[in-house]
Amino acid sequence: MRNVPAITAEGLNHWFGTGEARKQAVFDVNLEIERGSLTILMGPSGSGKTTVLTLLGCLRDVQEGSVELLDTELNGAPEPLLVATRRRLGFIFQAHNLHESLSAEQNVLMGLQVHGKGDAHKQLEASRHVLGLVGLGDRMNYLPANLSGGQKQRVAVARALVSNPEVVFADEPTAALDKESGMTVVQMLKALGKTRGTTTVMVTHDNRILDMADRIIVLEEGRIVSDTRK
Ligand SMILES: Nc1ncnc2c1ncn2[C@@H]1O[C@H](COP(=O)(O)OP(=O)(O)OP(=O)(O)O)[C@@H](O)[C@H]1O
């Protein structure tokens, strides 16, 4: 299965707005993303990075063209199939959306409970393990209000990874992190690619992590203008 791409997009176009305000944001995007790879999407503000990421990641309806994600065609897919596909994914966004009334550990645990994976004891063990990996072993019982921006972001990373997703979609995951924590997060994603075949697609402006990518795709005005593999 390793040589079947995790994601294939063909003739992908996307518009926002209606009537006179209708504006095309994505133009004829075609790409294949290999399983286990770490791909970075770059480009100026407004170039369509987040729109492409959310189209590939099953978070936005495909209007025109094809997106095949983990062997599922997303264009026209019924909602239950989209829901089942999303369960195989991990999402890390800049707005980390942690539950303020839950501790770090409970927030991560939720990432497993929505999947119903494993018994309660195993779920707790897995949550603690992944919090340890992101360097928050000593903050598991803290509420988000008592964590720094970078620590909250690491909780969000732990929550996205605890269910062993097949593909991780990340939008500026290192923006709130200092250099070292940012590198740690990207190294973790890269290591998961090697050990478990986890595929990562990441939007970033962070030049510090470019060296770690297997591939860098640059968008300008909704089009792919360069696509470099290492
Ligand atoms: N919900 C929306 N409604 C209308 N236009 C939108 C919407 N979301 C994005 N756009 C427009 O689509 C284009 C691409 O936006 P997108 O957010 O994908 O760019 P981006 O490269 O991710 O930008 P940034 O780096 O600033 O996050 C922009 O012109 C933007 O104004």
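The radius of gyration is taken here over C-alpha atoms, and the globule rule against which it is set is 2.2 Å times the number of residues to the power 0.38. For the protein chain, with its 230 residues, a compact globule would have a radius of gyration near 17 Å, and the 18 Å of the chain agrees with this. The structure is a predicted model, in which local features need pLDDT of at least 70 and side-chain atom pairs count only at pLDDT 80 or more, while totals for chains, interfaces and linings use all residues. Residues are numbered from 1 along each chain as its sequence is written.

Taken along the principal axes, the C-alpha atoms of the protein chain fill a box of roughly 50 × 40 × 40 Å. Of the 230 residues, 38% count as buried, a residue being buried if 20 or more other C-beta atoms lie within 10 Å of its own, exposed if 12 or fewer, and partly exposed in between, with C-beta atoms placed from the backbone. Contacts, for which the C-beta atoms of two residues, placed from the backbone, must lie within 7 Å, often span long stretches of the chain: among those between residues at least 6 apart in sequence, 67% join residues at least 24 apart.

The domain assignment, whose bounds come from an automatic or database source, gives domain 1 (1–88 + 165–177 + 196–230) and domain 2 (97–164). The centres of the two domains, taken over C-alpha atoms, are separated by 25 Å. Seven residues from domain 1 and nine residues from domain 2 take part in the contact. On the side of domain 1 that touches domain 2, five residues are nonpolar, none is polar and two are charged; here Ala, Val, Leu, Ile, Met, Phe, Trp, Tyr, Cys and Pro count as nonpolar, Asp, Glu, Lys and Arg as charged, and the others, Gly among them, as polar.

The protein chain contains six helices and 10 strands, where helices (H or I, at least four residues) and strands (E, at least two) are DSSP runs numbered from the N terminus. Two strands are taken to pair if DSSP finds at least two bridges between them. One open sheet has four strands in the order β2-β1-β4-β5, with antiparallel pairing. Because β2 (23–33) and β5 (72–73) stand at the edges, each with a single partner strand, one side of each is left without a neighbour in the sheet. Within this sheet, β1 and β2 run antiparallel and are joined by seven bridges, with Gln-24 in β2 as the bridge partner of Trp-15. The two strands form a hairpin with six residues between them, and Gly-17 in the turn has a positive phi of about 80 degrees. Strand β4 (residues 64–69) pairs with β5 in the antiparallel sense over two bridges, and Thr-72 in β5 is the bridge partner of Leu-69. Helix α1 (residues 49–56) lies across β1 (7–16), β2 and β4, and runs at about 125 degrees to β1, the axes being lines fitted to C-alpha atoms, for helices over the stretch in contact, and the angles running from 0 to 180 degrees between N-to-C directions.

A further open sheet has six strands in the order β6-β7-β8-β3-β9-β10, with mixed pairing. Its edges are formed by β6 (89–92) and β10 (223–229), each of which has a single partner strand, so one side of each is left without a neighbour in the sheet. Direction ignored, neighbouring strands of this sheet are turned by 15 degrees against each other on average. At one edge, β6 runs parallel to strand β7 (residues 167–171) and is joined to β7 by four bridges, with Val-168 in β7 as the bridge partner of Gly-90.

Positive phi values also occur in residues other than glycine. Cys-58, in the loop between α1 and β4, has a positive phi of about 70 degrees, and this residue counts as buried because 24 C-beta neighbours lie inside 10 Å. Leu-70, in the loop between β4 and β5, has a phi near 50 degrees and counts as partly exposed, with 18 C-beta neighbours inside 10 Å. Both residues are touched by Thr-85, whose contacts, not counting residues up to four places away in sequence, are with Cys-58, Leu-69, Leu-70 and Thr-72. Thr-85 itself lies in helix α2 (residues 79–86) and, with 19 C-beta neighbours inside 10 Å, counts as partly exposed. From Met-140, Thr-85 is 55 residues apart in sequence and 29 Å apart in space, C-alpha to C-alpha.
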